[in-house]
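Trainee: Could you take me through one part of this model closely, following the contacts made by a few side chains? I would like to see how they fit together, and then what lies elsewhere.

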Amino acid sequence: MVDIYILDLLVIGLLLLCVTLGSGWISRLPISFALIYLVVGVVLGPYGLNIVQIRPDAQFLERLTEFVVIVSLFSCGLKMNRPLNAGAWRSTIRLIGFLMPLSIFAIAAIAHWFLRMEWGPAILLGAILAPTDPVLASEVQLTHTEDRDELRFGLTSEGGLNDALAFPFVYFGIHWFEDGNNWQEWFGQWVGIDLIWAVAAGIVMGIVVPWVVVTIDQNIQKHTKVDDLMEDFVAISIILLTYSLTEVVNGYGFLAVFIAGIVAQRRYEDPEKPFSQREFTERIEKLLEVATILILGSILRLAAIQEHAIAALIVGGSLLFIIRPLGTWLSTIGGGYRPITRWLFGWFGVRGVGSIYYLTYAFGHGLQGQLGEQIAWITYITIVVSVILHGISTTPLMNVYNQYKNNRSRKINVST
């Protein structure tokens with residue numbers, strides 16, 4: 001008998017070969033790579049060929065998704081191509097400052113009133129599901145630093161920041177379900193430490209650490225050339241140093257890593273260096289995405305899905321079809337955006353790896369029992385629905401959007 005581990009390697013190798021060689025065709029089809037990985041994970045799981053028999057614990061998933069997210073956030077930061085002022089980032093400010101808190105508390109309200117959850121777990125669920133995912137939304141993100149498209153910039157910057165800025169609300173939910181009756185004892189600490197200090201520390205460390213690393217890198221390379229095969233590993237060192245040092249001082253590492261990408265891109269004198277780092281980190285991100293979504297597909301269980309389907313469809317359906325679209329429309333009022341841009345902002349709220357990370361993080365900080373099972377399966381089912389819906393709609397919708405932009409550009413050129 002062949003070891004199951006060897007069969008796993010065989011299947012993953014075949015999957016990578018097929019999606020790589022077929023990427024040109026797949027990119028034109030109404031399916032995403034994440035949807036392919038999810039389907040393959042289900043097929044290879046216990047309800048299919050039963051080849052992938054991984055049953056990862058929460059800590060393993062937390063560490064895996066944590067690394068996937070920080071790599072993706074740094075890559076998002078490297079793509080940011082606008083000056084650092086409020087006018088240039090107006091869509092980001094609207095999506096983060098208004099839409100994300102609205103989404104969190106709208107999800108919490110639905111969970112509280114319809115699922116009879118206490119407010120603490122309900123807010124925690126809102127914080128888990130509200131952030132859009134920077135990993136699975138790569139098809140609608142900026143593709144290069146010369147891309148000035150408002151939709152792509154807004155979605156990329158939102159994905160980079162809300163995975164970081166959801167953390168205060170995660171802590172708020174954890175504090176509340178742990179000791180909701182004595183909120184006076186922890187609320188001040190939450191405001192001072194989890195909100196003000198952690199955000200400020202994340203911003204400062206996200207600026208200081210990459211600035212120092214890039215300065216050292218550039219000074220050394222003036223005297224000796226770094227091996228070409230090793231050069232892009234500087235990006236990984238920036239990610240790991242920024243994240244770990246920020247966490248040491250109780251700051252938000254996700255926020256710091258995203259800012260580090262922005263700082264590194266601007267600090268390098270050679271524009272090819274951040275471009276090369278972005279390509280390198282995107283390759284790592286894509287490889288880790290395969291592993292994460294395969295695992296998600298393989299751990300899905302029919303009995304659990306049936307048990308929690310109604311609750312998940314209430315929460316997930318409300319989020320994807322009501323809260324996100326309506327909240328986006330409200331948050332972009334008066335912004336001067338075209339209707340198609342506003343609607344696509346509302347639709348492309350992909351949920352994925354970031355939500356899995358926050359879920360597993362909550363498991364490591366007291367979430368357990370029947371409540372934990374309910375929140376977990378609501379999260380898993382919502383992610384699956386998001387992967388399916390966004391996976392089949394991204395290509396046709398972006399084709400329509402690009403055609404609209406091209407037609408508009410032709411009209412402007414003709415009129416001038």
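Mentor: Here is a walk through the contacts around one arginine, followed by a look at other parts of the chain. Please keep in mind that this is a predicted model.

Let's start with Arg 82, which sits in the loop between α4 and α5. The side chain of Arg 82 forms a salt bridge with that of Glu 150, with 2.9 Å from N to O. Glu 150 belongs to helix α7, and the two partners are 68 residues apart, so this is a link between distant parts of the chain. Are these partners buried or exposed? Both Arg 82 and Glu 150 are buried. For Glu 150 the relative accessibility is 15%, and it counts as buried because the cut-off is under 20%.

Glu 150 has another partner in Arg 90, and here the salt bridge spans 4.0 Å from N to O. Arg 90 lies in helix α5 and Glu 150 in helix α7, 60 residues apart, so this pair too connects distant parts of the chain. Arg 90 is partly exposed, with a relative accessible area of 33%.

Now go back to Arg 82 and look at its charged end. That end sits over the ring of Phe 153, 4.1 Å from the ring centre. Phe 153 in turn brings us to the aromatic pairs, of which the model has 27. One of them joins Trp 89 and Phe 153: the ring centres are 5.1 Å apart and the planes meet at 80 degrees, which makes the pair edge-to-face. Trp 89 is in the loop between α4 (58–79) and α5 (90–114), while Phe 153 is in helix α7 (residues 150–165), so the pair bridges 64 residues of the chain. Trp 89 and Phe 153 are both buried.

Moving on from this spot, the whole structure holds 10 salt bridges. Among them is the one between the side chains of Lys 79 and Glu 282, at 3.3 Å from N to O. Lys 79 is in helix α4 and Glu 282 in helix α12 (residues 272–299), so this contact ties together parts that are 203 residues apart in sequence. Lys 79 is buried, its relative accessible area being 4%, whereas Glu 282 counts as partly exposed at 21%. Salt bridges also link Glu 62, Arg 63 and Glu 66 into a network.

Aromatic side chains deserve one more stop. Phe 167, Tyr 171, Tyr 243, Tyr 252, Phe 254, Tyr 357, Tyr 358 and Tyr 361 are joined by ring pairs into a cluster. There is also an arginine over a ring at Trp 329, where Arg 342 lies over the face at 3.6 Å from the ring centre.

Finally, compare two helices by their surroundings. Helix α11 covers residues 253–267, 15 residues in all, and its first and last C-alpha are 20 Å apart, close to the 21 Å expected at 1.5 Å a residue. Of those 15 residues, 13 are buried, so α11 is largely enclosed by the rest of the structure. Helix α9 (residues 183–221) contains Val 212, which is partly exposed at 38% relative accessible area. Val 212 contributes to a nonpolar surface patch of about 670 Å², together with Ile 203, Val 204, Ile 207, Val 208, Trp 211, Ile 216 and Ile 220.

Definitions and conventions:
Residues are numbered from 1 along each chain as its sequence is written. This is a predicted model: local features need pLDDT of at least 70, side-chain atom pairs count only at pLDDT 80 or more; totals for chains, interfaces and linings use all residues. Side-chain values use heavy atoms; hydrogens and water are left out. Patches are made of residues with over 30% relative accessible area and no salt bridge: like charges are joined within 9 Å, nonpolar side chains (Val, Leu, Ile, Met, Phe, Trp, Tyr) within 5 Å. Accessible areas come from the Shrake-Rupley method with a 1.4 Å probe; for residues, only the protein chains shown count as cover. Helices (H or I, at least four residues) and strands (E, at least two) are DSSP runs, numbered from the N terminus. Buried means under 20% relative accessible area, exposed over 50%, partly exposed in between (1.4 Å probe, protein chains only). The expected span of a helix is 1.5 Å times one less than its number of residues. Rings of Phe, Tyr and Trp (its six-membered ring) pair if their centres lie within 6.5 Å; planes under 30 degrees apart count as stacked, over 60 as edge-to-face and the rest as tilted. A charge sits over a ring if NZ of Lys or CZ of Arg is within 6 Å of the ring centre and within 35 degrees of the ring normal.
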